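Work through these exercises with the structure open beside you. Try each task before reading its solution.

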Amino acid sequence: MPDGCTAGAKIVGDRIYLLKNRDLIWGGFRDSVVFDSEVFFVTGVNVGDGEPCGASFGFNKSGLAGCNTTVLVTPHAAYDSLLERVLRETETIEAAFELVQADLESGNRYQWCNFVLASPNGVGVIEIGDGVAALEQDPKMITRTNHHLILPTADILRRASLAEREAGGPITTSRSRRQEAAKLLSEATSMMDMTQLLSTHCEGKGFDSICRHRLSNPRTAPYLGETVYSYVAEVSGFGSENLEFRIKVAAGNPCTSTFDEFVVDFTSPESKFNVVTNFP
């Protein structure tokens with residue numbers, strides 16, 4: 001189930017922030033999570049059968065955090081399964097890119113997407129297209145919505161049908177949404193700033209809006225959907241033996257929903273029980 005998402009990552013002092021709005025065309029969606037001794041993530045969904053599949057947003061105990069955004073719906077595999085491998089098998093952005101390249105070179109193909117990644121050493125995006133991938137890295141901040149910035153796919157996306165773009169929407173609105181997210185993220189320095197960013201609207205609250213709202217008559221825009229979840233992860237404690245992990249999550253439009261905060265402690269059964277039991 002491809003998402004029409006806004007995502008970003010930023011390093012502020014000794015903290016990593018990873019954030020994402022999950023925009024879907026399906027109503028009544030409820031998240032599920034995986035939390036074991038190595039990784040925590042919100043699951044993705046296989047567009048073919050509607051079953052949970054791979055990772056949509058999360059991090060591993062080494063401090064690598066990642067999430068994804070849709071670029072183009074294709075008949076190929078869900079990219080969430082590849083992001084789960086990244087979180088389970090790598091600890092750095094460079095290693096994640098090597099894994100993705102090797103996987104594509106082996107012949108595997110995925111729906112087109114972006115992987116937004118953050119680590120203690122910087123942030124980055126892996127863009128994935130038709131058997132190709134490109135890496136952008138930055139020491140501090142990065143954003144993505146539902147198009148590529150490095151891979152030369154813009155003309156293909158302009159010609160794509162509404163169904164192929166699904167909740168991603170027209171490329172023009174994806175571009176304006178990314179520009180707005182980048183401006184706001186450049187000014188953000190705290191968890192509150194991150195949640196306010198995810199709650200931001202443009203006029204009409206449609207495809208160009210970071211916080212997206214469904215129309216009163218959804219049939220007039222069947223692929224618009226709405227923001228069904230918002231997430232902000234915070235990783236801190238760089239240079240110490242024990243990293244600290246927190247996640248804030250809001251079910252529904254973040255402008256009107258409450259953000260619940262969870263401590264993710266990979267060594268604590270109590271933390272695991274609390275997160276899995278109470279995740280909205």
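Helices (H or I, at least four residues) and strands (E, at least two) are DSSP runs, numbered from the N terminus. This is a predicted model: local features need pLDDT of at least 70, side-chain atom pairs count only at pLDDT 80 or more, and totals for chains, interfaces and linings use all residues. Residues are numbered from 1 along each chain as its sequence is written, and side-chain values use heavy atoms, with hydrogens and water left out.

**Exercise 1. Place Lys205 and describe its backbone and exposure.**

Step 1. Lys205 sits in the loop between helix 6 and strand 11.
Step 2. Its phi is positive, about 55 degrees, although Lys205 is not a glycine.
Step 3. Buried means under 20% relative accessible area, exposed over 50%, partly exposed in between (1.4 Å probe, protein chains only). Lys205 has 34% relative accessibility, so it counts as partly exposed.

**Exercise 2. Do likewise for Glu166.**

Step 1. Glu166 is in the loop between helix 4 (162–165) and helix 5.
Step 2. Glu166 is not a glycine, yet has a positive phi of about 45 degrees.
Step 3. Its relative accessibility is 11%, so Glu166 counts as buried.

**Exercise 3. How do helix 5 and helix 6 cross?**

Step 1. Axes are lines fitted to C-alpha atoms, for helices over the stretch in contact; angles run from 0 to 180 degrees between N-to-C directions.
Step 2. The axes of helix 5 (residues 171–187) and helix 6 (residues 191–198) come within 10 Å and cross at roughly 165 degrees.
Step 3. Helix 5 is therefore roughly antiparallel to helix 6. The classes are: under 35 degrees roughly parallel, over 145 roughly antiparallel, 65 to 115 roughly perpendicular, the rest oblique.
Step 4. Contact means heavy atoms within 4.5 Å. Ala181, Leu184, Leu185 and Glu187 of helix 5 meet Asp193, Met194 and Leu197 of helix 6.

**Exercise 4. Classify the angle between helix 1 and helix 2.**

Step 1. The axes of helix 1 (residues 80–89) and helix 2 (residues 93–105) cross at roughly 135 degrees and come within 10 Å.
Step 2. The two helices are therefore oblique to each other.
Step 3. Leu82, Arg85, Val86 and Glu89 in helix 1 meet Ala96, Leu99, Val100 and Asp103 in helix 2.

**Exercise 5. Which residues does Phe59 contact, leaving aside neighbours within four places in sequence?**

Step 1. Set those neighbours aside.
Step 2. Phe59 is then in contact with Val39, Phe40, Leu64, Ala65, Leu87, Ala233, Phe245, Val264 and Phe266.
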